[in-house]
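Colleague: Please choose one part of this structure and take me through it closely. After that, carry on to whatever else you would point out to a structural biologist.

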Amino acid sequence: MTALDPSTQPESGTHVVGRRRFLGYVLAAPTLVAAAEFAVQPGAEAAVPSPGVAELMDLNDLLTAAAQPTANLITVAVHTDGTVSFELPRAEVGQGITTSTAMLIAEEMDLPLEKVRVTLADARPELMFNQLTGGSNTTISTYTPIRVAAAIAKGRLLQAAAIQLDSAVTDLTARAGVITSVLGGQIDYGSLAEKAASARTEQVSVDLKPRSDFKIIGTPRNRIDALAAVTGRKTFAMDLDVPDALPTMVCRAPTINGTVESVANLAEVRQMPGVTDVAVISTGVAVRAQTFGQCIDGVRALRVTWNAGTAAGKSDESVLQELKSAELPLAPPVGKTVEGEFTFYFRGNSALEPNCAIADVRADRAEIWGSLKSPIVAQETIATKLGLPPNAVAVHVVEGGGSFGRKLFSDAALEAAEISQQLGKPVKLMWHRADDCRQGRTHPMSTSRIRVGYAADTVLSYDQRHTSVSTDFGHGVGEVLTAMAAQLPVGDLGFSETIFQLTQSMPYDFGAAAQLLNEVDKGFNTSSMRNIYSPDVTCARELIVDRLAAVMGQDPYQFRRAFLQDDRSRAVLDKVAEVGGWGRTMPANMAQGIAFHAEYHGVTAALVEIDCRPETVNRPIRDAVSGPRVTKAVFAVDVGLAVNPRGVEAQMMGGIMDGIAQVLTSSLHLAEGHFLEASWDNYFYTRQWNTPLDVRVIVMPPTTGEPGGAGELGVAASMSAVACAYGRATGSMPTSFPINHGTLSFEPKPTVPPIPESPTDGLDHAY
C-alpha cells in the first residue's frame with residue numbers, strides 16, 4: 001500500500017469546504033490510492049463543556065488530537081482484483097478493530113465486506129502518535145479519516161467509470177463493487193483500479209455518506225477473522241516461521257527485577273539435549289533450544305545466584321502500609337458525612353497468549369515480530385538497546401491473543417532483540433505463564449478514601465483520595481502527553497495526576513467534588529489493565545453512593561437517577577433497572593446491585609444479582625475456590641454510534657467477566673518480593689462456576705452521530721455493581737478487593753521462581 005510522503009505538496013488549488021465536506025488526496029500510484037486530510041470540516045458543532053477536566057478534554061480527546069496531524073498518511077488502496085486494502089496503524093488484539101475498520105471502508109465505498117482486506121501496519125515513525133493502540137481510541141480517532149479516504153477512492157472510481165461508460169457521474173450508481181449507468185452499462189472496481197489512479201498527488205474534497213444511508217455501519221456483524229480463529233488458521237507471533245528462529249526462554253530471578261550475579265553451570269546446560277545456546281542477559285539467563293520443552297529443561301537445570309530485585313522483601317502487608325502512609329488528607333467535613341476506605345490488591349495482566357516475540361538481529365540491522373500496541377516506541381527502544389539507528393530496525397506488528405493493556409509494553413520484543421544480538425542468531429522467545437505472573441506487568445495495588453458531606457436531601461461535597469503503586473506510562477502515552485501539554489486544561493500537575501484528571505469525572509451532582517491521586521513505589525512492573533484508574537476509583541465511589549442512599553433513606557437506583565447530571569446517563573440506568581427487574585423480592589443473602597460509569601464519551605450502567613447464601617458460598621468445587629456467585633448481569637451501554645454493535649456487545653461481556661473477577665476472586669499475592677501465583681490454575685479469573693447464567697447486554701440507540709470509546713467501559717460499572725450487590729446481600733459494605741484475597745491458600749505453596757516444578761506452578765500449562 002502506498003503512503004503519502006509528508007513532503008509531497010498537493011498540486012491543485014485550495015478548495016472551499018462546506019459543513020459536511022472533507023479534504024483529502026488522490027496519491028500518485030499505479031493503482032488508485034486515496035488518503036484523508038487531517039483537518040476536519042469548518043463549522044463543526046462543539047460540545048459545551050462542563051467544569052470537570054475530563055469533560056473539557058479527556059485522555060481519549062488527547063489521543064485523538066495527537067493522531068490528527070498524520071491522518072493523511074493513512075491510505076486506502078484499490079486493486080485490480082476488485083479488493084480494497086488498508087494497513088491499520090493499530091494493533092488487533094481481539095477487540096475487533098479490523099472488523100469495524102473494514103465496515104467503515106465497505107460502507108463508504110459500497111463494497112461487500114469480504115472485499116476489504118485489513119492488515120496491521122509495521123512500525124512507521126512518520127505516523128508519530130497515530131500508531132498507539134489504547135484508551136479505547138482506535139474507532140474514535142480513525143472513524144473520519146478512514147471514511148474520507150474511502151469516499152475519495154469511490155469518487156475517483158465513479159469519475160473513471162463515467163469516462164468508460166460515456167455517462168455523467170450523476171447518472172452512475174455504485175453497489176457491491178460494481179458501477180452501473182442509467183443506460184445499463186456496468187464496470188467493476190477492479191477494472192477501474194488503474195484507470196482511476198493518478199500520476200500526481202491531487203487535493204480533493206468529498207462528501208461523506210449521511211447516517212440515514214448507512215447499510216453496514218451500525219449493523220451487527222460477525223468478526224471477519226472469526227472463522228480463522230476458531231479453525232486455528234489465525235496467525236499469531238508464535239505461529240510465524242522465521243528461518244532459524246529457534247525456541248528461546250529465560251530463567252528469571254526469584255524476586256521482581258532481580259539480576260544475575262553468577263551462574264554455576266553454564267557449560268553443563270549448554271551440553272543438554274537440544275540446547276544450542278545459553279547466555280546471561282540483563283533480565284536473566286536465556287536458553288535457546290530445538291524445542292520449548294528442551295528450553296524448559298535447560299531453565300530448570302540452571303543454578304543461578306541472584307542479586308536482589310526492586311521489590312525484595314516486600315509483601316502485600318508492607319506495600320499496603322506504604323500506601324496508607326502516602327494517602328493525602330481529606331478535606332474537612334461539611335455537614336453530616338459518609339466515609340469509606342477501600343483496598344484494591346495487585347492483579348495480573350497476562351493475556352491468554354503468552355508474552356512472546358521473534359527477533360533476528362544482525363550487525364547492521366534487526367527485524368522484530370510481535371503483538372505491539374506501541375510499535376514506534378518499541379522500535380526506538382530496541383534501536384537504542386542494540387546501538388542501531390531506528391531506520392535499521394524493522395518492527396512487524398502481528399495480531400495478538402489478548403492484551404488488556406499488557407501489550408502496550410514491548411518487554412518481550414526488547415528481550416528477544418537483546419538475546420538475538422548476543423547470540424548472533426534469530427530467536428523465537430516465549431515467556432512461560434509463571435514469567436508473566438511473577439515478573440510481568442501487574443495492575444497496581446491501590447487504596448481509595450472517600451468523604452461525602454450531605455444535609456437533608458442535598459449532597460454538599462465529595463472528596464476522594466486515591467493512592468496507588470506507580471503506574472508505568474513509558475509505553476508511548478507519556479510522549480503524547482508531553483507533546484500536547486500546552487493544550488491540556490490541567491495546569492501544572494504531575495504526570496500521573498494529569499492522566500488521573502484526564503480520565504476521572506464526577507457524573508453526579510454532588511456539590512464541590514474533588515478527586516486527587518498520589519502514587520508511590522516504582523519497584524514494580526505495572527501497567528493499566530482494561531482501563532487505568534477507573535475500575536478502582538469508580539468501585540469505591542459507587543459503594544459510597546449506595547451507603548449515602550441508605551443513610552439518606554433512598555433507593556439506590558432512584559438516588560442515582562436523581563443525582564445524575566444528564567438524560568443520556570439516566571437512560572442507561574433506567575434501561576438496566578427495567579430489563580433487570582430492579583427491586584424484585586429476593587431470598588435472604590441474595591441481592592441486586594446497580595452502578596453507573598461514564599468515560600471516553602460513553603456511558604454505562606450495570607445491574608447484577610448475587611447469591612451469597614451459605615450453600616452457594618461453601619459449595620465444593622474441584623481444584624478451585626467457591627464463594628459467592630453472580631447469577632444475573634444486565635448491562636446497558638451508550639457509546640454514541642456503535643460501528644459494530646455485536647463487537648460492542650462482546651467487549652461488554654468481557655468487561656462483565658473482568659468486573660466479577662476483580663471483586664470476588666482475582667488478585668496476585670505478594671510475599672518476600674515475588675508473586676505467588678504462576679498461572680490460571682491458581683490465579684482465579686472468572687470461571688464457569690462463577691459466570692452468570694443470565695447475561696444481557698443492551699447497546700443503546702446512538703444519541704450522538706460519532707462513535708465513543710467501548711473497550712474501557714465494561715469493567716468499572718460491572719465491578720461496582722457486583723461490589724454493591726455483595727454489600728446488600730451480606731449487610732456489610734466490602735472494603736477490600738478481591739473479597740477472597742485474604743482467604744486463598746496455596747497447597748502446595750508454589751516453589752519460588754524461576755524454576756517452579758509443582759503441579760500448580762503454571763509452567764507446564766503454558767504449552
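Modeller: Happily! Two strands count as paired if DSSP finds at least two bridges between them. The elements themselves are DSSP runs numbered from the N terminus: helices are H or I with at least four residues, and strands are E with at least two. This is a predicted model, where local features need pLDDT of at least 70 and side-chain atom pairs count only at pLDDT 80 or more, while totals for chains, interfaces and linings use all residues. Residues are numbered from 1 along each chain as its sequence is written, and side-chain values use heavy atoms, with hydrogens and water left out.

Let me take the open sheet as our part. Its 5 strands come in the order β24-β23-β22-β15-β31, and the pairing is mixed. At the edges stand β24 (512-520) and β31 (736-737), each with a single partner strand, so one side of each has no neighbour in the sheet. Strand β23 (residues 458-469) and β24 run parallel, joined by 9 bridges. Within that pairing, Thr467 has Asn518 in β24 as its bridge partner. Helix α14 (residues 495-503) packs on the sheet here and touches both β23 and β24 (contact means heavy atoms within 4.5 Å). The direction of α14 makes about 140 degrees with that of β24; such angles run from 0 to 180 degrees between N-to-C directions, and axes are lines fitted to C-alpha atoms, for helices over the stretch in contact.

At the other edge strand, follow the chain just past its end. Pro738 is in the segment after β31, and a cis peptide bond with omega of about 0 degrees joins Phe737 to Pro738. As background, most residues other than glycine have a negative phi, and most peptide bonds are trans. Two further backbone features sit in the loop between β25 (590-599) and β26 (602-611), where Tyr600 is found. Tyr600 is not a glycine, yet has a positive phi of about 50 degrees. His601 also lies in the loop between β25 and β26, and its phi is positive too, about 70 degrees. For accessibility, buried means under 20% relative accessible area, exposed over 50%, and partly exposed in between, with a 1.4 Å probe and protein chains only. On that scale Tyr600 is buried at 2%, whereas His601 is partly exposed at 38%.

Now to a group of strands earlier in the chain. Strand β2 (residues 33-36) runs antiparallel to β3, with 3 bridges between them, and Ala34 stands opposite Val76 in β3. On to β4: 3 bridges join β3 to β4, again antiparallel, and Ala77 has Ser85 in β4 as its bridge partner. The hairpin of β3 and β4 has 5 residues between the strands, and there Gly82 takes a positive phi near 90 degrees. From β3 (residues 75-78), Thr75 and Ala77 point one way, Val76 and Val78 the other, and all are buried.

Past β4 we come to a salt bridge, that is, a side-chain nitrogen of Lys or Arg within 4 Å of a carboxyl oxygen of Asp or Glu. By this rule the count is 42. One of them joins Glu92 to Arg223, with the closest N and O atoms 3.9 Å apart. These two come from distant parts of the chain, 131 residues apart: Glu92 is in the loop between β4 (84-88) and α3, and Arg223 in the loop between β9 (202-207) and α6 (226-230). Glu92 is buried at 1%, while Arg223 is partly exposed at 29%.

Another salt bridge pairs Asp574 with Arg561, where the closest N and O atoms are 2.7 Å apart. Asp574 sits in helix α17 (residues 567-580) and Arg561 in helix α16 (residues 556-563), 13 residues apart. Asp574 is partly exposed at 21%, and so is Arg561 at 30%. Returning to Glu92, salt bridges with shared partners join Glu92, Arg223, Asp225, Lys234 and Glu399 into one network.

Finally, the helix that follows the loop of Glu92. Helix α3 (residues 97-109) packs with helix α4 (residues 138-164) at an angle of about 35 degrees, their axes 8 Å apart. Among the α3 residues in this contact are Ile97, Leu104 and Met109; on the α4 side they include Tyr143, Ile146 and Leu157.
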